[in-house]
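Could you walk me through this model? I'd like to know how its charged side chains pair up, and then get a feel for one of its pockets and the overall fold.

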Amino acid sequence: VRYIMETPQPLESLLPGASRIYRWQRSHIFYKVLGPQSAPALVLLHEPGIGASSFEMRAIMEPLASEFRVYAPDLPGFGLSDRLQQDYSAATYVTMIQDFLRDVVETPATLVASGLSCNYAITVASRSPELCNGLVLISPTQLFSQSQKFTTLAQLPVLGTLLYPLASTRPALRYSVRRQHAVENGDATKAEVDYLYAASHQFGAEHAPLALLKGKLDVDAAREFADLPQPTLLLWGTQALNNMRAIDGRHELATPTRSQMELIKDAGAAVHEEYPEIVITNILQWRRE
């Protein structure tokens with residue numbers, strides 16, 4: 001009842017740059033763009049999740065725009081993009097990213113992705129190498145292990161209806177934020193929870209996250225990852241790697257010949273939010289090399 005009464009919440013993008021709409025074949029995609037038009041293209045792909053949006057890229061977009069033409073879309077079903085009731089799947093996001101690169105970016109781009117979006121970026125780079133000239137993978141946990149799902153609960157008629165309102169409460173969102181960060185920052189955590197709460201309390205905001213909880217957004221990109229021809233940078237927080245339950249070792253993952261890994265001390269999974277300066281430095285140095 002509280003979820004219904006508090007939906008919708010005011011929501012606007014806090015990222016710098018110009019606001020644009022990509023009229024995709026299936027829905028309208030909101031994105032921000034910043035940087036010189038003549039600069040190399042770079043696309044920021046946020047992680048799917050409850051309350052997710054390109055907001056997670058807020059600390060790295062403007063500094064990267066000093067050397068790139070940076071695009072930051074909200075994935076279908078998230079943020080300010082359309083949140084239609086449709087059959088969301090991994091193919092939805094792979095196709096959307098491919099079309100966005102072709103129709104909007106119109107030049108080979110570096111893809112910077114986090115979490116499960118790393119798998120989508122790898123799939124796009126493998127299937128359409130002409131669209132991608134490099135990848136930066138931030139905490140690609142789902143590349144190394146199965147996602148944690150609530151498949152059974154999400155598919156039960158009554159519990160499935162209650163699962164999203166429960167998971168989008170402030171205590172649940174606060175717990176999720178704390179799991180992503182190694183060090184808690186009270187003011188920053190509150191601001192992040194407030195934004196996640198607003199983003200998760202929009203009409204139709206439950207459709208894509210429920211598909212995620214059911215496991216419908218998963219895609220195994222291990223084989224494509226091993227054969228990637230593009231230069232690839234993996235960024236990990238050491239605290240995230242210490243969580244051995246997340247990296248379950250279900251298979252030995254072969255890495256591309258042109259891959260490079262950087263570990264950021266004392267950082268969690270949201271390393272680009274905790275230590276954006278270090279992430280930016282690593283990306284720019286890797287790109288120059």
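D194 is partly exposed in this predicted model, with a relative accessibility of 28%. Its partner is K190, and the two side chains meet in a salt bridge at 3.0 Å, N to O. K190 sits further out in the open: at a relative accessible area of 54%, K190 is exposed. Why do D194 and K190 sit about one helical turn apart? Both belong to helix α9, and they are four residues apart there, so about one turn of the helix separates them.

That pair is local, so to speak, but helix α9 also takes part in a pairing of another kind. E192, which lies in α9 (residues 186-200), pairs with R58, from the loop between β3 (41-45) and α2 (61-64), so this contact ties together parts that are 134 residues apart in sequence. The salt bridge itself is 3.9 Å, N to O. A salt bridge here needs the nitrogen within 4 Å of the carboxyl oxygen, so the R58 and E192 pair makes the cut-off. The two ends sit in different settings: E192 is buried, with a relative accessible area of 9%, while R58 is partly exposed at 28%. The story of this pair goes on, too, since salt bridges with shared partners join R58, E192 and E273 into one network.

Now move to R288 and E67, whose side chains meet at 2.4 Å, N to O, in another salt bridge. R288 is in helix α14 (residues 276-288) and E67 is in the loop between α2 and β4 (69-73), so here the parts being tied together are 221 residues apart in sequence. R288 counts as exposed, at 57% relative accessibility, and E67 counts as partly exposed, at 31%. If you tally up the whole structure, you get seven salt bridges. As a general point, side chains of opposite charge can pair when their charged atoms come close.

Next, the empty space. Rolling a probe the size of a water molecule over the atoms shows where such space is left. Take the second largest pocket, which holds about 620 Å³. Its lining is made up of 26 residues, and those nearest the centre are T161, L162, Y164, P165 and E206. Which elements give two or more residues to that lining? They are α1 (2-5), α7 (157-167), α8 (170-180) and α10 (207-213). Helix α7 gives the most, with six residues. Sorted by class, the lining of this pocket has 13 nonpolar residues, seven polar ones and six charged ones.

Finally, step back and look at the chain as a whole. Its secondary structure comes to 14 helices and eight strands. The C-alpha trace spans about 55 × 40 × 35 Å along its principal axes. For 289 residues, a compact globule would have a radius of gyration near 19 Å, and the chain has 18 Å, so the two agree. Buried residues account for 53% of the 289. The contacts add to that picture: among those with a separation of 6 or more, 78% are between residues 24 or more positions apart. The pairing of R288 with E67, across 221 residues of sequence, is a long reach of that sort picked out by a salt bridge.

Terms used. Residues numbered from 1 in each chain as written. Predicted model: local features only at pLDDT ≥ 70, side-chain atom pairs only at ≥ 80, totals over all residues. Heavy atoms only, no water. Buried < 20%, exposed > 50% of the residue type's maximum accessible area, 1.4 Å probe, protein only. 1 Å grid on protein atoms, 1.4 Å probe; cavity = no way out; pocket = protein on both sides within 12 Å on 5 of 7 lines; lining within 4 Å. Points joined across faces, edges and corners; volume = space filled by probe spheres on them. Nonpolar A, V, L, I, M, F, W, Y, C, P; charged D, E, K, R; others polar. Rg over C-alpha atoms; globule rule 2.2 N^0.38 Å. Contact = heavy atoms within 4.5 Å.
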